[in-house]
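Q: Could we go through this structure together? I would like to begin with how its parts touch one another.

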There are 4 protein chains.
Amino acid sequence: MERIGFAGLGRMGQAMAGRLLAAGFPLTVYNRTPSRADALLDGGAAWAATPAELAARSDIIFTILTDDAAVEQVFRGPSGLLTADVPGRLFIEMSTIRTATILALAGAVEQRGARLLDAPVSGTVAPARAGQLLVLAGGRTTDLERARPALETFSRRIIHIGGQGAGTTMKLVLNMTMACFWGALAESLAVGQQFGIDLATMLDVYLDSPVALPALRGKAPLLLGEEQEVAFDVTGVRKDLLAMVATAQDAGVPAPVASAALAHFAAATAAGYGKRDLAFLVEYLADLAHRTARVAFTLGEP
Amino acid sequence: MERIGFAGLGRMGQAMAGRLLAAGFPLTVYNRTPSRADALLDGGAAWAATPAELAARSDIIFTILTDDAAVEQVFRGPSGLLTADVPGRLFIEMSTIRTATILALAGAVEQRGARLLDAPVSGTVAPARAGQLLVLAGGRTTDLERARPALETFSRRIIHIGGQGAGTTMKLVLNMTMACFWGALAESLAVGQQFGIDLATMLDVYLDSPVALPALRGKAPLLLGEEQEVAFDVTGVRKDLLAMVATAQDAGVPAPVASAALAHFAAATAAGYGKRDLAFLVEYLADLAHRTARVAFTLGEP
Amino acid sequence: MERIGFAGLGRMGQAMAGRLLAAGFPLTVYNRTPSRADALLDGGAAWAATPAELAARSDIIFTILTDDAAVEQVFRGPSGLLTADVPGRLFIEMSTIRTATILALAGAVEQRGARLLDAPVSGTVAPARAGQLLVLAGGRTTDLERARPALETFSRRIIHIGGQGAGTTMKLVLNMTMACFWGALAESLAVGQQFGIDLATMLDVYLDSPVALPALRGKAPLLLGEEQEVAFDVTGVRKDLLAMVATAQDAGVPAPVASAALAHFAAATAAGYGKRDLAFLVEYLADLAHRTARVAFTLGEP
Amino acid sequence: MERIGFAGLGRMGQAMAGRLLAAGFPLTVYNRTPSRADALLDGGAAWAATPAELAARSDIIFTILTDDAAVEQVFRGPSGLLTADVPGRLFIEMSTIRTATILALAGAVEQRGARLLDAPVSGTVAPARAGQLLVLAGGRTTDLERARPALETFSRRIIHIGGQGAGTTMKLVLNMTMACFWGALAESLAVGQQFGIDLATMLDVYLDSPVALPALRGKAPLLLGEEQEVAFDVTGVRKDLLAMVATAQDAGVPAPVASAALAHFAAATAAGYGKRDLAFLVEYLADLAHRTARVAFTLGEP
């Protein structure tokens, strides 16, 4: 059984590492903030003091980190993963970063005789804990087969999108649509609310229409005031949209819709919505319209 | 049983009028192009030579027309509906037009002693034929109750959104999100295609993700080359987005996402995609990127 | 000499009315907030308690008001201008409003036997006081000739753009470009500042380049910290952009650039920049980027 | 006197190299398409068969190339500049490329013991021929002093913006504003034209207003039908905007205005306007609106 290393113990990382551990894989973990490893260490995982140590003690190393800069640091910074002796190692990079970054990293990894899969996932914390993620894999078939037993511990399906970079790109493509949907929804619902239409009524219509995005179904109670665990926060969407729009330019695709959505998420972050669920973009934009604008007319009485 | 008038025999109008006729309502129809009425006349409907004649011979008058200008013309133009003697009549306006237009029209209708509901529908031709539309109604409860038996002939559900203007606004709000979704999807999929990722693979991922819009499920075969009846064409989306963005400004809502989507649909119309299904925006933008831009790098071999 | 009425004593209105008074025209004024008329009354102007009274006592009536709703109110509200007996009167409407609004108003004015010119101005308070505005006139030549002696008191040039609505449209067109320029400038300068380039250096380059907009020359000291009288505030730009984008939709023009600029001005208003000069959009966006985003790399040391 | 090498003989490159030659600098040139060097060779320049040969035979090497990919190729491709022995050489990179690209290149250059200035210029072909460019320099002061005599042959002013990358970034910042101005102008003028306002009248107003961009003054005759040499074509603006928007994301700046302008230039390129002057974006968008949209109302008769 391959020895697994895991760097990046945010909520997603903790859930995935927990699944690997529960499945019986020998697991070593690293995180910049050590306290996040407590539950895993209690469960039998070992601790690595640095990324280099993690790489030295593992055959397959998972990383799921905040952004491009964090990935660069953990792989190529002082005591980074690639400062260890890594021939034969398989790196599985799951962060949502620019395609350009993963491709540059893949080159550096292979120069050192190791292999890299990019394998971001679709799904949030709850499906991660339940082993129900969708893995979007980029890289060679042989590497994917080697990774499969580990990946299966936290996923319901693994899709081989293409060569290195394809998994990351697919994740960006998918999330770009998701983020834009929320940008569009926020604009749309703000129009209705400005004219006095009830939010609950509008959501009822959406969920009974061809626009009933599965993601919206889950968030409707939150939009109507129910407390929910934050699945994906506004500042996280803003960060990912930066990577998405930059990658769109790398692809030569004009992306004014995504850029407009990015501007909404950036302004919402600046307005204090950064740590709230992305669905709060709806509240942000409705509030902005309500506070700054006079409507041109009022609808009739029912 | 109330006598029904119906003006506007596009594909949606024909399907709805057909349902009314089949349900046994006495039906008179009007259309600018008379040939579109043939099937209905064969089925027992009567013909009115002008909107005024239609209004004179009906108790409840449905209208479902192309745009704001057509609605103005049919109601207030020479021989328009409102040139007839109309006290007690109930007008049911189902076009997708600006909220400002429906409100102005409601005022004119009531000045003449008649009543108006705005009641656009969600759904395309197939659900119309099957009596499975969703009616989004704005206006007074008593008027809606009077209209209900007729509305039920072509709908599976009737939602009373609010007073006059609320049905039209709800339709704009809903379609604005839909149109933006396609704008976002077109940008996103173009990024993947520029990097060589297979469209079928991407659609497979979308349909197994939280971004699996019901509308996308139906269109995926079309995106992959299957022939389909055009449900909603690019030029129609462009026209509706003009009404949506104008109404967003009336509500004081900045709508850069919708405006960017509008620009895509307008450019696609100018590029010759006007009569094709809105899903072809995906092809349009991928083609535009492919013809004009060099990608910054290529993904790995699988 | 024609008797002049003047409604709307904001800073622009006060300056223009002051020029008319100084030129010897018999002047009556009206304003919702009476205290703004003090200096003019001291200078010999008469006071009208309502718009209706203003219209009754004047031959030519100027209006320069906040927005479409204020124009509707002053003309067609209770005790509005058009409740007076107005045959033969000439109304000169100078507000920045939607083309649709001015056209509807023109119809109402002419139905009552009066005439209307739309004649917004280009220029801010200082040129107004100095009689150096540029008048953008829409309407009939005979009406413009009648208005000319009065218009010349505060303008250096009068351009007859076209028929009714053309002056208002020209103003919207011109200001749309201006507002977008500031939106573009704010985005651009934020990029440079995020990478540590000095704002003064960047402005120096701009003012020595083909992008040296005259308006930028005047605002550069303000951007570098100098106190200046507010010429045009952020919330005013936001309001005008709403009118501009709505009118673009009326014209069937997709305006994603203007819509994106509108979103910036709306968010800046919500963030507390509403009462500051439009040039502060630059500070707003630089601050937003600085607070929410990490730059991908740093430039070299000089 | 330092030996000058020059790679990239587009129209700008030819003009700048011609100035260097006329000033008496020993000049060697390289271009992918050799015929573009004819006039310079006739004037006494030497020819290098490859970039490597150019670097071997020069002390200071200028490059001004199409895009990021071309810069990568000429510097780091087979027989590229950096395959030569280059210690002590000074590279002066003048292309309009991403800040990220120039910084990566600077690192590679310095690793080989050479130096790099990034020094794009503001100005088009005519000022280049007249020695009237504005140089935007990034890099060390000592390197700039060494380059100054050569730079002065084609420039009226040299501004030291900051360290490596600052010149390139400044160029992107400046051109981003310029490109957005044209995007905004095209939207604005299309609105006026859709309502029947004369283009010449509108340009007259612009040039007598605070929006009178110097660049617009030069292009007004072209917009009114005069033939002019193409100074900067639509496809070139599209390419530069891709670099600008990507760099804005690297800086963490949401740039929806620039992204919307990029979408216009990309669509115009796809519609066949690629080789025409950027001012033709005005014609493109007016034509698109005219062909696809019905206006909501018409202005009055003058």
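A: A definition is needed before the contacts are counted: two residues are in contact if their C-beta atoms, placed from the backbone, lie within 7 Å. Please keep in mind that this is a predicted model.

Q: How many residues do chain B and chain A each bring to their contact?
A: Chain B contributes 78 residues and chain A contributes 79 residues.

Q: Which element gives the most on the chain B side?
A: That is α8(B), with 20 residues. Other elements of chain B giving two or more residues to this side include α5 (99-111), β8 (133-138) and α12 (256-273).

Q: And what classes of residue are on that side?
A: The side of chain B that touches chain A has 48 nonpolar, 22 polar and 8 charged residues.

Q: Now for chain C. How many residues of chain A are in contact with it?
A: There are 16 residues of chain A in contact with 16 residues of chain C. On the chain A side, α12(A) provides the largest share, 8 residues. By class, this side of chain A divides into 10 nonpolar, 2 polar and 4 charged residues.

Q: Changing topic, how is chain A itself divided?
A: Chain A has domain 1 (4-163) and domain 2 (170-292). The C-alpha centres of these two domains of chain A lie 29 Å apart.

Q: What does each domain of chain A give to the contact between them?
A: Domain 1 of chain A gives 13 residues, and domain 2 of chain A gives 13 residues. The domain 1 side consists of 6 nonpolar, 4 polar and 3 charged residues.

Conventions: Residues numbered from 1 in each chain as written. Chains lettered and ligands numbered in written order. Predicted model: local features only at pLDDT ≥ 70, side-chain atom pairs only at ≥ 80, totals over all residues. Domains from an automatic or database assignment. Nonpolar A, V, L, I, M, F, W, Y, C, P; charged D, E, K, R; others polar. Helix = DSSP H or I, 4+ residues; strand = E, 2+ residues; numbered from the N terminus.
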